[in-house]
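Biologist: Please take one part of this model and look at it closely, beginning with a single charged side chain and working outwards to its surroundings. I would like the cut-offs stated as you go.

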Amino acid sequence: MKYITTGLGIALSLVYGQAAWGQASNTGKSGSLVPKLASKSLCVVDDDCLFEHWYVQANLGYASGASSEGDVYSEAQKIGFDVYDIDVDDSRSAFKIGLGTSLSENLSVEFGYTDLGEVSTAFTTTTTEPEKFLDLARAIHPSSVEGFTASLNYQFWRHEDWFVNARAGLYLWESDFDSREVFSNTQLDSLDGEDGTDFYLGLGANYRLSQRFQVNLEWERYFLDSEDVDLLTLGVSYHFD
């Protein structure tokens, strides 16, 4: 009988930054309590914005998936193995970084890297074919990936220095798969990871601290083949002009 713990480490990727070039502060006017679109912009026409405004962004946060002990048990049954004493740790710290540039007053394109942290699963099974089981176990392990992102980010519903952004993009990810026999603390033969390209989207609230610095709170969902993963982050962006 072997007690096998597995860890898929790798994270999802991405990162964004919010371009707030098109907002002139209304602090000198009597502010309305109702959010409204910005009436002034640093971009006179869209062509004035195209690739003119660059920014970088870094975010730290928390990622969580939808996998449970019941899911692991059911998937193990499908590949012909019985597992028990299942422990799934599917909530973890994560981070992302990114680089963006404006396409117009409200629209920007962003490229980044997102690491969704490491997911670990421990369980006990009885088998005379441990190598075969470990190879198949990748199909029942919660997804933990990292990779590169490319997205479009749209700003709207601005009020003074506040604004909301929505994003949609592609996540080019890869995963690692590590196995260890717990009782002997022995590292088992490593297995090839997986990779893929999936869709993700996000929604964020942003505040402009100054002409160059902004802070943001963002939620994103990554639609991976094996499960959906939610990412909640707090970040800061720096705008070069």
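Modeller: Glutamate 220 is buried, with a relative accessible area of 1%, where buried means under 20% relative accessible area, exposed over 50% and partly exposed in between, with a 1.4 Å probe and protein chains only. Since you will want to know what such values rest on, this is a predicted model, in which local features need pLDDT of at least 70 and side-chain atom pairs count only at pLDDT 80 or more, while totals for chains, interfaces and linings use all residues. Residues are numbered from 1 along each chain as its sequence is written, and side-chain values use heavy atoms, with hydrogens and water left out.

The side chain of glutamate 220 meets that of arginine 167 in a salt bridge at 3.7 Å, N to O, a salt bridge being a side-chain nitrogen of Lys or Arg within 4 Å of a carboxyl oxygen of Asp or Glu. This pair links distant parts of the chain, with arginine 167 in strand E8 and glutamate 220 in strand E11, 53 residues apart; helices (H or I, at least four residues) and strands (E, at least two) are DSSP runs numbered from the N terminus. Salt bridges with shared partners go on to join Lys96, Glu110, Arg167, Glu218 and Glu220 into one network.

Within that network, arginine 167 also meets glutamate 218 in a salt bridge, here at 3.1 Å, N to O. Arginine 167 lies in strand E8 and glutamate 218 in strand E11, so this pair ties together parts that are 51 residues apart in sequence. Both ends are covered: arginine 167 counts as buried at 3% relative accessibility, and glutamate 218 counts as buried at 1%.

A search of the whole structure finds eight salt bridges, one of which joins aspartate 161 and arginine 208 at 3.2 Å, N to O. That pair, too, links distant parts of the chain, with aspartate 161 in the loop between strand E7 (146-159) and strand E8 (162-181) and arginine 208 in strand E10 (residues 191-208), 47 residues apart. Aspartate 161 is buried at 15% relative accessible area, as is arginine 208 at 14%.

Returning to the strand of glutamate 220, strand E11 (residues 213-223) pairs with E12 in the antiparallel sense over eleven bridges, two strands being paired if DSSP finds at least two bridges between them. A hairpin of four residues joins E11 to E12, and arginine 221 stands opposite aspartate 230 in E12. E12 is also joined by eleven bridges to strand E2 (residues 54-65), to which it runs antiparallel, and there threonine 233 in E12 is the bridge partner of glycine 61.

The side chains of strand E12 (residues 228-239) alternate: Val229, Leu231, Thr233, Gly235, Ser237 and His239 point to one face and are buried, while Asp228, Asp230, Leu232, Leu234, Val236 and Tyr238 point to the other and are not. Leu232 and Leu234 take part, with Leu203, Leu217 and Trp219, in a nonpolar surface patch of about 480 Å². Patches are made of residues with over 30% relative accessible area and no salt bridge, like charges being joined within 9 Å and nonpolar side chains (Val, Leu, Ile, Met, Phe, Trp, Tyr) within 5 Å, and accessible areas come from the Shrake-Rupley method with a 1.4 Å probe, for which only the protein chains shown count as cover of residues. E11 and E12 each supply at least two residues of this patch; among them is leucine 217, found in strand E11 and partly exposed at 46% relative accessible area.

There remain the aromatic rings. Rings of Phe, Tyr and Trp (its six-membered ring) pair if their centres lie within 6.5 Å, with planes under 30 degrees apart counted as stacked, over 60 as edge-to-face and the rest as tilted. By this rule the count comes to nine aromatic pairs. In one of these, the rings of tyrosine 154 and phenylalanine 156 have centres 6.3 Å apart and planes at 15°, so the pair is stacked; phenylalanine 156 is partly exposed at 29% relative accessible area. Phenylalanine 199 and phenylalanine 223 are likewise stacked, at 6.1 Å centre to centre and 20° between the planes. Phenylalanine 199 lies in strand E10 and phenylalanine 223 in strand E11, so this pair ties together parts that are 24 residues apart in sequence. Phenylalanine 199 counts as partly exposed at 39% relative accessibility, and phenylalanine 223 as partly exposed at 29%.
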